[in-house]
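Student: I've got the model open and I'd like to test the vocabulary people use for it. Can I ask where the labels come from, one at a time?

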Amino acid sequence: MSLQTPDAAPPVLLVHPGPHGVAVYAREIAAEVVRLTPGARIATPDALAVLAPGSPVHAHVTDRLWGASPEEATRTVVALAARHPLTVTLHDVPQESDGERNRPRRRAFYRAVTEAARAVAVNSAHERELLREEDVWHGDIAVVPLPVDERPASVASSDDGVGVLGYFYPGKGHDEALAAAVAAGVPRLTVLGRASEGHAADLDAFVRRADAVGVSVEVTGWLDDADMAARVARVAVPVIAHRHVSASGSLTSWIGWGRRPLAVRNRYVDEMAQLRPGTLAVVESEALAGAIAAARADASSTWHGVAPLPFGRADAARAYLRWWGGLAP
């Protein structure tokens with residue numbers, strides 16, 4: 001397929017307001033598509049009523065963004081697909097960590113969305129395989145990786161602790177980072193972010209668990225880009241230790257700020273290490289504590305120095321334009 005941007009107009013780019021990570025990402029990609037294709041249109045959900053029926057639409061989809069429950073989200077997205085030819089990028093795809101109650105409900109949501117959509121994309125080959133393993137979708141799936149937004153931070157004096165970036169929720173890897181910090185003799189852990197919606201009590205419990213084993217936890221809360229860059233630069237050892245992962249904006253954020261995090265090996269981490277060689281220090285879970293100790297002894301190993309970084313935001317927008325342009329009418 002040609003690498004040139006197609007002449008055909010892309011679909012209307014549906015974006016949600018608010019701080020949800022998927023909503024923020026959708027707005028960023030939409031803005032880049034408009035920069036490359038000035039005729040592209042962006043709409044918010046409250047503007048859909050004035051959009052002519054039959055107008056193609058693209059939406060970024062996770063059940064938590066589209067309804068108070070998977071069932072409500074299903075009704076909303078399926079109704080949208082009934083009015084407009086719909087392409088979707090799926091995020092936060094269902095997997096074991098959703099638990100016995102929510103896993104089948106989320107599977108049903110994603111299955112209904114993929115069946116109703118004209119075409120489906122995800123952010124990694126790992127997610128494509130998850131959809132098949134979860135018996136959600138076995139048809140064609142485009143893969144458009146999460147881009148890296150390059151914004152290198154200046155090296156700062158270290159706080160000598162371990163840092164985990166992004167929203168806190170069970171399974172994000174904070175417990176694994178804590179256990180490894182204890183084993184490595186590290187007395188501090190920084191949560192660079194805040195609790196995901198509904199998980200404030202889980203974060204409070206995590207802080208108490210850490211205190212009980214001698215690790216002081218700082219929770220930064222939400223930070224703007226400038227403050228986050230400063231805090232990211234101070235962390236001695238960035239860690240990614242998700243038990244279960246769909247695609248990780250935290251991983252791309254560490255890389256974009258110039259850091260080379262310790263990343264516990266899984267299928268997604270291996271995929272991203274291949275996409276951007278030299279930007280991740282991939283370790284087995286049982287070796288994380290030793291890797292933390294080694295990284296504290298060699299601070300330079302936690303900065304990757306790779307420039308330019310492969311696959312930025314413009315690359316992602318062009319990939320979407322090629323995908324939309326190649327779809328049958």
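**Labels and the values behind them**

Tutor: Sure, start right after α6: the next residue is glycine 185, and its phi is positive, near 75 degrees. Keep in mind that this is a predicted model.

Student: Which residues of α6 are buried?

Tutor: In α6 (residues 174–184) they are His174, Ala177, Leu178, Ala180, Ala181 and Ala184. The cover over them includes β7 (162–165), β8, α7, β10 (237–240) and α11.

Student: α11 has alanine 295 in it. What makes alanine 295 count as buried or exposed?

Tutor: The relative accessibility of alanine 295 is 4%, and buried means under 20%, so this alanine is buried. Helix α11 spans residues 288–297. Leaving out residues up to four places away in sequence, alanine 295 touches Val237, Ser301 and Thr302. Valine 15, by contrast, is 280 residues away in sequence and 40 Å away in space, C-alpha to C-alpha.

Student: And how do you know whether aspartate 92 is buried, exposed or partly exposed?

Tutor: The relative accessible area of aspartate 92 is 28%. The cut-offs are under 20% for buried and over 50% for exposed, so aspartate 92 falls in between and counts as partly exposed. Its place is the loop between β4 and α4, and its phi is positive, near 55 degrees, although the residue is not a glycine.

Student: What about aspartate 135: buried, exposed or partly exposed?

Tutor: Aspartate 135 has a relative accessible area of 46%, so it is partly exposed too. You'll find aspartate 135 in the loop between α5 and β6, again with a positive phi, about 55 degrees.

Student: On to strands. How do you know that β3 and β4 pair?

Tutor: Count the bridges: five join β3 (residues 57–61) to β4 (residues 86–90). Pairing takes at least two, so the two strands pass, and they run parallel. Histidine 58, for example, stands opposite threonine 87 in β4.

Student: Which sheet are they in, and why are β2 and β6 said to stand at the edges?

Tutor: The sheet is open, with six strands paired in parallel in the order β2-β1-β3-β4-β5-β6. β2 (42–43) and β6 (142–143) each have a single partner strand, so one side of each has no neighbour in the sheet. Helix α5 (residues 125–133) packs on that sheet, touching β4, β5 (119–122) and β6.

Student: What would you call the angle between α5 and β5?

Tutor: Their directions make about 125 degrees. Roughly perpendicular stops at 115 and roughly antiparallel starts over 145, so the pair is oblique.

Student: Is there another sheet, and which strands are its edges?

Tutor: There's an open one with six strands in the order β9-β8-β7-β10-β11-β12, again parallel. Its edge strands are β9 and β12 (281–283), each pairing on one side only. On average, neighbouring strands there are turned by 25 degrees against each other, direction ignored. Within it, β7 and β8 pair over four bridges, with leucine 165 opposite leucine 192 in β8. Four bridges also join β8 (residues 188–192) to β9 (residues 216–219), in parallel, and threonine 190 has glutamate 218 as its bridge partner in β9.

Student: What handedness does the crossover from β8 to β9 have, and what makes it so?

Tutor: The chain goes from β8 through α7 (residues 200–212) to β9, and the crossover is right-handed. The test is to point the strands away from you: a path over the helix that runs clockwise counts as right-handed.

Student: Last one. How do you know how α3 and α4 are oriented?

Tutor: The axes of α3 (residues 70–83) and α4 (residues 99–116) come within 9 Å and cross at roughly 0 degrees. Under 35 degrees counts as roughly parallel, so α3 is roughly parallel to α4. The contact residues divide into nine nonpolar, one polar and three charged. Among them are Val77 and Val78 in α3, and Phe109 and Val113 in α4.

Terms used. Residues are numbered from 1 along each chain as its sequence is written. This is a predicted model: local features need pLDDT of at least 70, side-chain atom pairs count only at pLDDT 80 or more; totals for chains, interfaces and linings use all residues. Side-chain values use heavy atoms; hydrogens and water are left out. Buried means under 20% relative accessible area, exposed over 50%, partly exposed in between (1.4 Å probe, protein chains only). Contact means heavy atoms within 4.5 Å. Axes are lines fitted to C-alpha atoms, for helices over the stretch in contact, and angles run from 0 to 180 degrees between N-to-C directions. Angles under 35 degrees count as roughly parallel, over 145 as roughly antiparallel, 65 to 115 as roughly perpendicular and the rest as oblique. Ala, Val, Leu, Ile, Met, Phe, Trp, Tyr, Cys and Pro count as nonpolar, Asp, Glu, Lys and Arg as charged, and the others, Gly among them, as polar.
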